[in-house]
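Let's take a walk through this structure, from a single contact out to the whole chain and back again. Keep the viewer open as you read.

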Amino acid sequence: MKLQANFLCALTLFLSASFGMLHAQDNNVNTEFGVKGGFNMSNLYGSGDDVDDNNILYGFNAGVYATLPISDFVAIQPEILFTTKGSELEYNNALASGNAKFRLNYIEVPLLVRVNVTKNFNIHAGGYASYLVSSKVSGDGSFDFDQDIDTDDLAKFDAGLSAGVGVDFNPFSIGLRYNYGLTTVGKERTVAGTTYTFPDAKNSNLTLYLSYKLN
């Protein structure tokens with residue numbers, strides 16, 4: 001996966017440059033309302049760490065979207081999604097082997113600027129805000145467990161940056177999007193005079209999605 005903040009910056013710069021190139025284009029974007037869903041590859045990264053392709057947890061997202069044009073080729077695209085995030089850890093040592101999954105389920109609201117480079121190809125970037133609705137930890141192997149986590153023990157809100165590309169095959173579209181979390185999923189706590197955050201990690205999520213236009 002190896003997607004980091006540099007990827008987001010480069011894509012945002014390319015999006016900005018597109019404004020100057022597309023002023024003479026025909027109408028490439030129209031008002032849309034639809035449903036969408038996709039396949040998630042999620043991970044958690046710690047403060048100061050690079051996002052990598054280790055400990056990926058597979059999940060899904062589903063919801064609705066709207067595309068609201070503000071020019072012939074630029075639109076605002078709000079969405080409301082249910083999405084799964086988290087991380088998976090595999091362990092194998094002399095004492096035990098297996099895997100443990102840390103799942104975080106959010107209601108997520110991305111707000112994106114969408115630029116249709118052509119009638120059928122778009123670049124989009126913006127941000128997202130999420131609300132944690134449930135969480136659990138489960139494991140298989142030497143130790144089997146399945147335990148819900150009280151969401152009061154975690155940060156209820158998550159926010160970050162989003163960027164991606166999409167290809168339209170009216171009325172279907174497919175796309176790839178990356179979400180880079182900016183807030184920790186854990187809460188700050190003070191124990192015996194020492195303040196710490198657990199888990200001190202942020203969300204990273206790559207999504208392959210399919211959408212269907214209803215209008």
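## A lysine over a ring

Start with Lys85: its charged end sits over the ring of Tyr106, 5.6 Å from the ring's centre. Bear in mind that this is a predicted model, and that every distance below comes from its coordinates.

Lys85 has other partners too. Side chains of opposite charge can pair when their charged atoms come close. Here, Lys85 and Glu108 meet through their side chains in a salt bridge, at 2.8 Å from N to O. That pair links distant parts of the chain, with Lys85 in strand β3 and Glu108 in strand β4, 23 residues apart. Are these two residues buried or exposed? Both Lys85 and Glu108 are buried.

Lys85 also forms a salt bridge with Asp158, this one at 3.8 Å, N to O. Again distant parts of the chain are linked: Lys85 belongs to strand β3 and Asp158 to strand β7 (residues 157–169), 73 residues apart. Asp158 is buried, and so is Lys85.

Now move along to another lysine. Lys36 meets Glu79 side chain to side chain in a salt bridge of 3.1 Å, N to O. Glu79 is in strand β3 (residues 74–92) while Lys36 is in strand β1 (residues 32–46), so to speak a link between distant parts of the chain, 43 residues apart. Both members of this pair, Glu79 and Lys36, are buried. Arg177 comes in as well: Lys36, Glu79 and Arg177 are linked in a network of salt bridges. And Lys36 has a ring to sit on, since it lies over the face of Tyr209, 3.9 Å from the ring centre. Searching the whole structure turns up six salt bridges.Next, the nonpolar side of things. How many residues make up the largest nonpolar core? Eight in all: Leu44, Phe102, Leu104, Tyr106, Leu132, Leu154, Val185 and Ala201. Strand β4 (residues 97–118) supplies the largest share of this core, with three residues. Tyr106, the ring under the charged end of Lys85, is one of the core's eight residues.

Val185 is a handy place to look around from. Setting aside residues up to four places away in sequence, Val185 touches Leu44, Phe102, Leu104, Tyr106, Leu154, Ala155, Pro199, Ala201 and Asn203. Hop from there to Ala201, which is found in strand β11. Ala201 counts as buried because its relative accessibility is 10%, and the cut-off for buried is under 20%. Leaving out neighbours within four places in sequence, the contacts of Ala201 are Leu44, Tyr45, Gly46, Thr183, Thr184 and Val185. For one of these, Thr183, the C-alpha atom is 8.1 Å from that of Ala201, with the two positions 18 residues apart along the chain.

The aromatic rings deserve a stop of their own. The structure holds six aromatic pairs. One of them joins Phe172 and Tyr212, a tilted pair with 5.0 Å from centre to centre and 55° between the planes. Phe172 lies in strand β8 (residues 172–184) and Tyr212 in strand β11 (residues 201–213), so this pair ties together parts that are 40 residues apart in sequence. Phe172 is partly exposed, at a relative accessible area of 39%, and Tyr212 is partly exposed as well, at 34%.

Why does the pair of Tyr178 and Tyr180 count as tilted? The ring centres are 6.3 Å apart and the planes stand at 50°, and the tilted class runs between the 30 and 60 degree cut-offs. Tyr178 is buried, at 1% relative accessibility, and Tyr180 is buried too, at 15%. Ring pairs bring in Tyr45 too, linking it with Tyr178 and Tyr180 into a cluster.

Finally, zoom out to the whole chain. What secondary structure does the protein chain have? There are one helix and eleven strands, and along the sequence the pattern reads α-β-β-β-β-β-β-β-β-β-β-β. Of the 215 residues in the protein chain, 43% are buried. Among contacts between residues at least 6 apart in sequence, 68% join residues at least 24 apart. The chain's accessible surface comes to about 10900 Å², and carbon and sulfur atoms account for 60% of that surface.

Notes: Residues numbered from 1 in each chain as written. Predicted model: local features only at pLDDT ≥ 70, side-chain atom pairs only at ≥ 80, totals over all residues. Heavy atoms only, no water. Core = buried A, V, L, I, M, F, W, Y, C linked by side-chain atoms within 4.5 Å. Buried < 20%, exposed > 50% of the residue type's maximum accessible area, 1.4 Å probe, protein only. Helix = DSSP H or I, 4+ residues; strand = E, 2+ residues; numbered from the N terminus. Contact = heavy atoms within 4.5 Å. Salt bridge = Lys/Arg side-chain N within 4 Å of Asp/Glu carboxyl O. Areas by Shrake-Rupley, 256 points an atom, 1.4 Å probe, with all protein chains shown as cover. Phe/Tyr/Trp six-rings, centres within 6.5 Å; stacked < 30°, edge-to-face > 60°. Lys NZ or Arg CZ within 6 Å of the ring centre and 35° of its normal.
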